[in-house]
Amino acid sequence: MVSILGNCGTPTDKRAYLVEDDAVLHVVGRRVAVRKLEGQAVSFVHELPASTKQLTAMILSANSKYMALCEQATLDGRRQGSRLRVVPLQSKRPVASLSPGGFAVEGAFVGCAFSADATHVVAWTGEPDFVAIVWKWSDETPLGYVQMRALPTRVRFNPSASTLLSVTSPIRLLRLNDKGQFKEIGVGALKRHTSNATDHLWVSATRLVLAGQASDGSTSVFSVFQDGSLLQSLKVPQAE
């Protein structure tokens, strides 16, 4: 049970994003397409530039206005590196090209997510860095970063605060400090109840749903927290 609570922005070749009630966004070769579910009509909304060597992750904002494309690309016409481009679905032209800035990143961006209002975006790398970087994409400069312990299954923004991140697994809450670092904040109830949590979802700014498994793997566990306190827990036996 890794991504049962919505799309997590990776891998790009196996995900589709609902744009409208009857259309999905997905990758076709070096193009991003919108496909109508009825009739299967396809329209291409973006083509990767020649500088892009590989699309490594993609996500659609909650308001369906923007897509974030994580890429391995030729930067400055010569060196290879990671970047994230923000592309509006309407204009189809990139409005931001984001780089790690002063952060030394070796790995590719393997996941990404928008904030609830789509003004901020986070992308994270795999080995050897395990670094997540947050941008206010209109400024095209990093807002902050966090060095993680391992590859996360999910990184999310709190719905009301782009300076508060949540990460699984295990669940961690991280707040931006004045040095540009996202630092863990202690919430005792989360740690006591969520050692096996593999995914999570903010239902509101104060209510968090965690999903995981019992230690013996026989039961799926959904836990609801309100203001950091356990509100409800639901156990669902695994189908045989």
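The following exchange takes up two sheets, a histidine and a cavity in a predicted model.

Modeller: In this predicted model, local features need pLDDT of at least 70 and side-chain atom pairs count only at pLDDT 80 or more, while totals for chains, interfaces and linings use all residues. Residues are numbered from 1 along each chain as its sequence is written, and side-chain values use heavy atoms, with hydrogens and water left out.

Biologist: Which strands are the edge strands of the open sheet with the order β5-β6-β7-β8?

Modeller: Strands are DSSP runs of E with at least two residues, numbered from the N terminus, and two of them pair if DSSP finds at least two bridges between them. The four strands of this open sheet pair in antiparallel fashion, and an edge strand pairs on one side only, which here applies to β5 (52–60) and β8 (96–98).

Biologist: Which residue in β7 stands opposite Leu69?

Modeller: Strand β6 (residues 66–75) and strand β7 (residues 79–88) run antiparallel and are joined by ten bridges. Opposite Leu69, the residue in β7 is Arg85.

Biologist: In the open sheet with the order β9-β10-β11-β12, what is the bridge partner of Phe109 in β10?

Modeller: This sheet has four strands with antiparallel pairing, and its edge strands are β9 (109–114) and β12 (141–147). Five bridges join β9 to strand β10 (residues 120–125), and in β10 the bridge partner of Phe109 is Thr125.

Biologist: Is His200 buried or exposed?

Modeller: His200 has its place in strand β17 (residues 197–202). Buried means under 20% relative accessible area, exposed over 50% and partly exposed in between, with a 1.4 Å probe and protein chains only. Because its relative accessibility is 0%, His200 counts as buried.

Biologist: With which side chain does the side chain of His200 make a polar contact of 2.7 Å?

Modeller: A polar contact is a pair of N or O atoms within 3.5 Å; within protein, one must be able to donate a hydrogen and the other to accept it, and residues adjacent in sequence count only if both atoms are side-chain atoms. The side chains of His200 and Thr168 are joined by such a contact at 3.1 Å, whereas the contact of 2.7 Å is with the side chain of Ser166.

Biologist: Which helix supplies at least two residues of the lining of the largest cavity?

Modeller: A cavity is a set of points, on a 1 Å grid over the protein atoms alone, where a 1.4 Å probe fits but cannot get out, and lining residues have an atom within 4 Å of a point. The lining includes Leu190 and Lys191. Helices are DSSP runs of H or I with at least four residues, and, alongside β15 (172–176) and β16 (182–185), the helix that supplies at least two lining residues is α1 (188–193).

Conventions: On a 1 Å grid over the protein atoms alone, a cavity is a set of points where a 1.4 Å probe fits but cannot get out, and a pocket is an open set with protein on both sides within 12 Å along at least five of seven lines; lining residues have an atom within 4 Å of a point.
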